[in-house]
Amino acid sequence: MAAPDDRTRTENSLFEFELDTSMGEYRIPGETDILKEYVALFDRHFARHYIDKGVIARRAIHAKSHGCLQASFEVLDHRDTDLRYGLFREPAIYSAVARLSNGDGPVGPDTARIPSLGFAIKVRGISAEKLLPSQQEDTQDFLFLNQPAYIAADVRDYKSLMQAIDGGPLYKALALVKNLRGLLYRLKALPKTDPLNTNFWGVAPFRLGNMAVKYLIRPHKPEAANLPAIRGNDYLKDLVKAHVEMRDADFEFFLQKRLLDGNEKSNMPVEDYSVAWDETESVPVHVGRLRIPAQTLDDDFDREHGERLTFSPWNTTKDLRPLGSLNRARRVIYEISSRKRQEINCTRDIENSSN
């Protein structure tokens, strides 16, 4: 465990960002103070729910797993010179892990109106130079939601969502008011079929080579299927189980380029996540495939990988740099959340082993 002075220096470095203004990044007014408020909110969240409670500390966001699956990631020979950087430079096949989850907040029943689904991919065996020196593992992460844009525009609106996690009705109502445009995407994205038969979008922009891109995945063979009439508390996991234990669940991976129209305030912004990039104006380029073979949905594998692994957009190579204030916020809160969970669960494991 890091010494207090080392931890202070590490946490302070989380707020130091070099903006890529050539890609459209700019500093949000009061951004650093807002990010520090996020840290305080997470501290209170973990203290309230997990410290000295004798239970496993879960993610504050994407806490409930609908399944953790073994997979492989194939980079195709896409021949688009604009996109031949990093992982997408040349054809290759890597091992991978995919995790499906609720899109927000703590664990709860699936019978509630789930506003979004999360999908995370960890690609293994990456040898390219990492973006952050602190990221030592040979992996790269990709994170998705089942909607083309995010509910919050930037860190200012996202603050209300953070407060709503543990806040009462007033905080939840405030979050809805502040993020009304993004909420409309949520209402359209309510699960209409099983999670392995759903489109997912990265929603966040990245710099790849000399341009900004977003990534998305679509089922290889989309099927006409509806949600069951009777839904239990874990019906989304039941749908994943029924699907993957009977057949493969492959996804096609796409990159969408940001096109500039000569206007500084492009209709494909990098600092406003509540704006979806028009897929008819910039048609996504097919660059890869996630292969999820038929397999037994293993709760032990889920606990070992789904709970213990950390997924972050900042676990990436130097050629795929996260853009925008919400990506900057994710660097802070994902790091803090991961560290808190590991510290609490490590302490709990030590206490259990000594009993």
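How much space lies in the second largest cavity? In this predicted model, the volume of the second largest cavity comes to about 50 Å³, and it belongs to a count of two cavities of 30 Å³ or more. Such spaces are found by calculation, since rolling a probe the size of a water molecule over the atoms shows where empty space is left.

The lining of the second largest cavity is made up of P148, W201, V203, K214, Y215, L216, Q256, A276, W277 and E279. When these lining residues are sorted by character, seven are nonpolar, one is polar and two are charged. Strand β7, which spans residues 211–219, gives the most to this lining, with three residues.

One of the lining residues, V203, also stands out in its backbone, for its phi is positive, at about 55 degrees, although V203 is not a glycine. V203 is placed in the loop between β5 (200–201) and β6 (206–208), and, because its relative accessible area is 6%, which falls under the 20% limit, V203 is classed as buried.

A positive phi in a residue other than glycine is also found at R79, where the value is near 60 degrees. R79 lies in the loop between β1 and β2, and its relative accessibility of 65% is over the 50% limit, so R79 counts as exposed. With respect to the solvent-accessible surface, R79 is thus exposed, whereas V203 is buried.

The strands on either side of the loop that holds R79 are paired with each other: β1 (residues 65–75) and β2 run in the antiparallel sense and are joined over ten bridges. Within this pairing, Q70 has V97 of β2 as its bridge partner. Strand β2 is also joined to strand β3 (residues 117–124), again in the antiparallel sense, by seven bridges, and in this second pairing the bridge partner of S101 is G118 of β3. Strand β2 therefore has β1 as one partner and β3 as another.

The surroundings of β2 can be described further through the accessibility of its residues. Of the eleven residues of β2 (residues 92–102), eight are buried, so the strand is largely enclosed by the rest of the structure. As a general point, the side chains of a regular strand alternate between the two faces of the sheet.

How values were computed:
Residues are numbered from 1 along each chain as its sequence is written. This is a predicted model: local features need pLDDT of at least 70, side-chain atom pairs count only at pLDDT 80 or more; totals for chains, interfaces and linings use all residues. Side-chain values use heavy atoms; hydrogens and water are left out. Buried means under 20% relative accessible area, exposed over 50%, partly exposed in between (1.4 Å probe, protein chains only). Helices (H or I, at least four residues) and strands (E, at least two) are DSSP runs, numbered from the N terminus. Two strands pair if DSSP finds at least two bridges between them. On a 1 Å grid over the protein atoms alone, a cavity is a set of points where a 1.4 Å probe fits but cannot get out, and a pocket is an open set with protein on both sides within 12 Å along at least five of seven lines; lining residues have an atom within 4 Å of a point. Grid points are joined across faces, edges and corners, and a volume is the space filled by probe spheres set on the points. Ala, Val, Leu, Ile, Met, Phe, Trp, Tyr, Cys and Pro count as nonpolar, Asp, Glu, Lys and Arg as charged, and the others, Gly among them, as polar.
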